[in-house]
Amino acid sequence: MTKTDDKTIVRDYFNSTGFDRWRRIYGDGQVNKVQLDIRKGHQQTVDTVLSWLQADDNLSGLSICDAGCGVGSLSIPLAQAGSIIYGSDISEKMVSEAYQRAKSSLISIDNINFVAQDLEALSGKYHTVVCLDVLIHYPQDQIAAMINHLISLAESRLIISFAPKTLALTILKKVGELFPGPSKTTRAYQHQEADIIKIIESNGFSIQRKTMTSTSFYYSRLLEAVRK
């Protein structure tokens, strides 16, 4: 599987069956038990990021890049707090949904911008760059370049999440692979935390905070790194 193939699969998935599935998960409508568990886990991660950013008491006017913004679960509350948001996603349908949710939730969308764009194509400088639940779609040999690029956009801080590679999660993933189905359109890649931290620190950043969100079907290691 080449890098281009990986990106094409992810883009096609989130512009088709994946879009409908994840729009429901990231919404508030009725879903099945597995989807509800994932919804709760993802929201825990979003809430943690919001609490970290709110603790600094400087969200108003802060420039934030939400790389892999999905339907705007993080971007919208940050814009509501007064931050200047640049949200991107590989899926045009996700971006369109994010815009619709922003228009419904915010008095003004002047401080929020969404664009359908590959992570690698992102440019500009932002005080904080956030990338949640994106690395799970990409193999280990692509992670260093992706993180390096994200850090090049961050003036002060990077917040990133990934599925940690542990024995228990590896076994769970193997069991899941025994039950193929139409919903399994993208691969789920796990990554060693030590490898992620090494990449981050090699760019002159240090880990400030970290935590783990773990539910029955959602596992996400969250790291906050700041420029030294």
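User: Is Cys69 buried or exposed, and at what relative accessibility?

Analyst: Good place to start! Keep in mind that this is a predicted model. A residue counts as buried when its relative accessible area is under 20%. Cys69 has 6% relative accessibility, so Cys69 is buried. Cys65 is buried too, because its relative accessible area is 0%.

User: How many disulfides are there?

Analyst: The general idea is to check the distance between sulfur atoms, which must lie within 2.5 Å. Here the count is zero. For Cys69, the closest cysteine sulfur belongs to Cys65 and sits 8.9 Å away, so that pair is too far apart for a bond. For Cys65, the closest one is in Cys131 at 8.5 Å, again too far for a bond.

User: Let's try a charged residue. Where is Lys7 found, and what does Lys7 touch?

Analyst: Lys7 is part of helix 1, residues 3-14. Since its relative accessibility is 16%, Lys7 counts as buried. Leaving out residues up to four places away in sequence, Lys7 touches Ile90, Asp118, Glu120 and Tyr138. With Asp118, the side chain of Lys7 makes a polar contact of 3.0 Å.

User: And how do I read a pocket? Which residues lie nearest the centre of the second largest pocket?

Analyst: Rolling a probe the size of a water molecule over the atoms shows where space is left empty. The second largest pocket holds about 270 Å³. Its lining has 18 residues, with Tyr26, Gly27, Gln43, Ser73 and Arg101 nearest the centre. Helix 3 gives the largest share of that lining, six residues. By class, the lining has seven nonpolar, seven polar and four charged residues.

Technical notes: Residues are numbered from 1 along each chain as its sequence is written. This is a predicted model: local features need pLDDT of at least 70, side-chain atom pairs count only at pLDDT 80 or more; totals for chains, interfaces and linings use all residues. Side-chain values use heavy atoms; hydrogens and water are left out. Helices (H or I, at least four residues) and strands (E, at least two) are DSSP runs, numbered from the N terminus. Buried means under 20% relative accessible area, exposed over 50%, partly exposed in between (1.4 Å probe, protein chains only). A polar contact is a pair of N or O atoms within 3.5 Å; within protein, one must be able to donate a hydrogen and the other to accept it, and residues adjacent in sequence count only if both atoms are side-chain atoms. Contact means heavy atoms within 4.5 Å. On a 1 Å grid over the protein atoms alone, a cavity is a set of points where a 1.4 Å probe fits but cannot get out, and a pocket is an open set with protein on both sides within 12 Å along at least five of seven lines; lining residues have an atom within 4 Å of a point. Grid points are joined across faces, edges and corners, and a volume is the space filled by probe spheres set on the points. Ala, Val, Leu, Ile, Met, Phe, Trp, Tyr, Cys and Pro count as nonpolar, Asp, Glu, Lys and Arg as charged, and the others, Gly among them, as polar.
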